[in-house]
Amino acid sequence: MLKTKLNVLTLRKEPLPTVIFHEPEAIELCTTTPLMKTRSHTGCKVTYLGKVSTTGIQFLSGCTEKPVIELWKKHTLAREDIYPSNALLEIRPFQVWLHHLDLKGEATVHMDTFQVARIAYCTADHNISPNIFAWVYREINDDLSYQMDCHAVECESKLEAKKLAHAMMEAFKKTFHSMKSDGRIHRNSSSEEVSHEFESDDG
């Protein structure tokens with residue numbers, strides 16, 4: 001059975017399908033069975049700790065430490081011995097999807113979408129726990145004003161948190177190059193210069 005993963009929305013009925021690209025959406029195509037749209041999440045199971053507003057324009061190393069401590073304290077107030085994964089974090093080239101799961105940790109109850117271009121900073125380096133991955137997101141309000149929110153998730157291990165940081169870095173680079181080729185970034189800069197705000201320490 002030959003399977004090909006494509007970003008596809010429209011197919012024409014021809015021996016070899018003609019692909020028209022739109023918004024990225026994972027669809028699995030199988031040449032020996034009828035075409036079926038499947039939604040298989042390939043993200044990382046995490047425990048979503050929540051979000052808290054933060055201030056600042058430039059975000060440097062350590063800027064998420066205080067917000068993460070606040071979120072961690074709120075989380076531990078539940079006084080539960082075991083914190084089951086309640087979400088699935090899926091990092092894609094231009095978007096980050098946070099699937100909130102049901103009590104069984106299986107089906108998606110609802111999903112939050114984050115535009116990679118609005119993520120100002122991310123890191124998996126926190127003193128309170130090496131398993132926490134956090135990112136600062138520019139949220140646009142209804143009146144077109146914006147606020148900076150720090151979101152945090154607890155991963156199953158330090159390695160998983162580091163993997164998310166690296167995945168976010170790659171997603172940012174792809175988004176940056178796409179915006180630059182589209183003319184939406186006019187300043188003379190490189191992805192390396194801008195992406196210094198993305199911490200992905202391997203230590």
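Glu160 and Lys163 join their side chains in a salt bridge, with N and O 4.0 Å apart. Keep in mind that this is a predicted model. Both residues belong to helix α2 (residues 158-181), where they sit three residues apart, about one turn of the helix. In total, four salt bridges are counted here, and the bullets below walk through some of them before turning to the sheet and its helices.

**Salt bridges within helices**

- Glu160, in the α2 pair, has a relative accessible area of 23%, so it ranks as partly exposed.
- Its partner Lys163 is partly exposed too, because its relative accessible area is 48%, and the limit for exposed is over 50%.
- Helix α1 (residues 65-76) holds a pair as well: Glu70 and Lys74 lie four residues apart there, about one turn of the helix.
- Glu70 and Lys74 form a salt bridge whose closest N and O atoms are 3.6 Å apart.
- With a relative accessible area of 35%, Glu70 is therefore partly exposed.

**A buried salt bridge**

- Where do Glu90 and Arg92 lie, buried or exposed? Both residues are buried.
- Glu90 and Arg92 are linked by a salt bridge, and their closest N and O atoms are 3.1 Å apart.
- As background, side chains of opposite charge can pair when their charged atoms come close.

**The sheet**

- Which order do the seven strands of the open sheet follow? Reading across, the order is β8-β7-β6-β5-β11-β10-β9, with antiparallel pairing.
- At the edges are β8 (108-115) and β9 (119-123), each of which pairs on one side only.
- From one strand to the next, the twist averages 30°.
- Strands β10 (residues 132-140) and β11 (residues 146-154) run antiparallel and are joined by nine bridges.
- In β11, Met148 is the residue that stands opposite Arg138.

**Helices on the sheet**

- Helix α1 lies across β5 (44-54), β10 and β11, and it runs at about 115° to β5.
- Helix α2 also packs on the sheet, where the strands it touches are β5, β6 (87-91), β7 (95-101), β9, β10 and β11.
- The direction of α2 makes about 35° with that of β10.

Notes: Residues numbered from 1 in each chain as written. Predicted model: local features only at pLDDT ≥ 70, side-chain atom pairs only at ≥ 80, totals over all residues. Heavy atoms only, no water. Helix = DSSP H or I, 4+ residues; strand = E, 2+ residues; numbered from the N terminus. Buried < 20%, exposed > 50% of the residue type's maximum accessible area, 1.4 Å probe, protein only. Pairing = 2+ DSSP bridges. Axes fitted to C-alpha atoms, helices over the stretch in contact; angles between N-to-C directions. Contact = heavy atoms within 4.5 Å.
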